[in-house]
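Student: I'm new to this structure and would rather see one part properly than skim everything. Please pick a spot where side chains pair up and walk me through it slowly.

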Amino acid sequence: MERVVRTSIYTCCLVVASALFSAHAAPPSTHIDLAALDKAALQRDLANLGAPITSQRSLSRHLSAGVTESPLGRLSQPALRRFLASLQFNESGLTTFRYTELEAELTPTQIYQVLALFGQQHQTPKLKHARRVTPFDDEIMGGGIPGVQPANFECYFDQVSPIDSPSQCGGHHNYRCASPGTCSPSQEQICTNNC
């Protein structure tokens, strides 16, 4: 029974991943499968709703419980300080974070666990230089997890990109949340759809 459920979930993941990959394969001027992107957006919204850290206050509570018990504890102290200093929140949750420390020190599976604290695990494949160690790392980076686009899935943006851009791909790599609803270029950061 467990094998049947696992196979069904895996099949569903493959269908979603192939739909997203197909959307990527099209040049920006052609039709993108909005139904697949809407499903991925729904999964991102659900992840955000279930996130234990959605504000500076909830981050403080999480850290006061002890970082060694948290996925954040896998980062070195200097990297943890830089990562935490980069976090920006609004009433919707995390809007911006610096990714270089995660990419340099953690595997995709560990990055996924850290970002899941913020409901942003779908951002993991954007960290293309993370060290892959396990088949699960490859699965995450390949988009085989529901709501996670494959690492080769790119979005097309202008210099300043409104969150409601047609690509709706779940966040802007090398952008930061400059003001509500607007991501601006910024190296080593990701602007999330909470902006």
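**Charged pairs and aromatic rings**

Tutor: Let's start with Arg82, which is partly exposed, with a relative accessible area of 41%. Keep in mind that this is a predicted model. Arg82 forms a salt bridge with Glu101, and their closest N and O atoms are 2.8 Å apart. Arg82 belongs to helix α4 (residues 77-86) and Glu101 to helix α5 (residues 100-105), so this pair ties together parts that are 19 residues apart in sequence. While Arg82 is partly exposed, Glu101 is buried, at a relative accessible area of 4%. The cut-off explains the labels: buried means under 20%, so Glu101 with its 4% falls on the buried side.

Now stay on Glu101, because it has another partner: Arg98 also forms a salt bridge with Glu101, with the closest N and O atoms 2.7 Å apart. Arg98 is partly exposed, its relative accessible area being 25%. Follow Arg98 onward and you reach Glu188, whose side chain meets that of Arg98 in a salt bridge of 3.1 Å, N to O. Here the two partners sit in strands: Arg98 is in β2 (residues 93-98) and Glu188 in β5 (residues 182-191), so the pair ties together parts that are 90 residues apart in sequence. Glu188 counts as partly exposed, with 32% relative accessibility.

Put those pairs together and you get a single network: Arg82, Arg98, Glu101 and Glu188 are joined by salt bridges that share partners. For the wider picture, the structure holds four salt bridges.

Next, the rings. A search of the whole structure turns up three aromatic pairs. One of them is Phe83 with Phe97: the ring centres are 6.3 Å apart and the planes are at 70 degrees, so the pair is edge-to-face. You've met both of their elements already, since Phe83 lies in helix α4 and Phe97 in strand β2, so this pair ties together parts that are 14 residues apart in sequence. Phe83 and Phe97 are both buried.

Then there's Phe89 with Phe118, a tilted aromatic pair with 6.4 Å from centre to centre and 35 degrees between the planes. This pair links distant parts of the chain: Phe89 is in strand β1 (residues 88-90), and Phe118 is in the loop between α6 (108-116) and α7 (135-141), 29 residues apart. Phe118 is buried, with a relative accessible area of 0%.

All of these rings come together, too: Phe83, Phe89, Phe97 and Phe118 form one aromatic cluster.

Let's finish by looking around Phe118. Leaving aside neighbours within four places in sequence, Phe118 is in contact with several residues, including Phe83 and Phe89 from the cluster's list. Asn48, Ala51, Ile53, Leu87 and Leu94 are also among the contacts of Phe118. Pro52 is worth finding as well: the C-alpha atoms of Phe118 and Pro52 are separated by 6.6 Å, though the two residues are 66 residues apart along the chain.

Methods:
Residues are numbered from 1 along each chain as its sequence is written. This is a predicted model: local features need pLDDT of at least 70, side-chain atom pairs count only at pLDDT 80 or more; totals for chains, interfaces and linings use all residues. Side-chain values use heavy atoms; hydrogens and water are left out. Helices (H or I, at least four residues) and strands (E, at least two) are DSSP runs, numbered from the N terminus. Buried means under 20% relative accessible area, exposed over 50%, partly exposed in between (1.4 Å probe, protein chains only). Rings of Phe, Tyr and Trp (its six-membered ring) pair if their centres lie within 6.5 Å; planes under 30 degrees apart count as stacked, over 60 as edge-to-face and the rest as tilted. Contact means heavy atoms within 4.5 Å.
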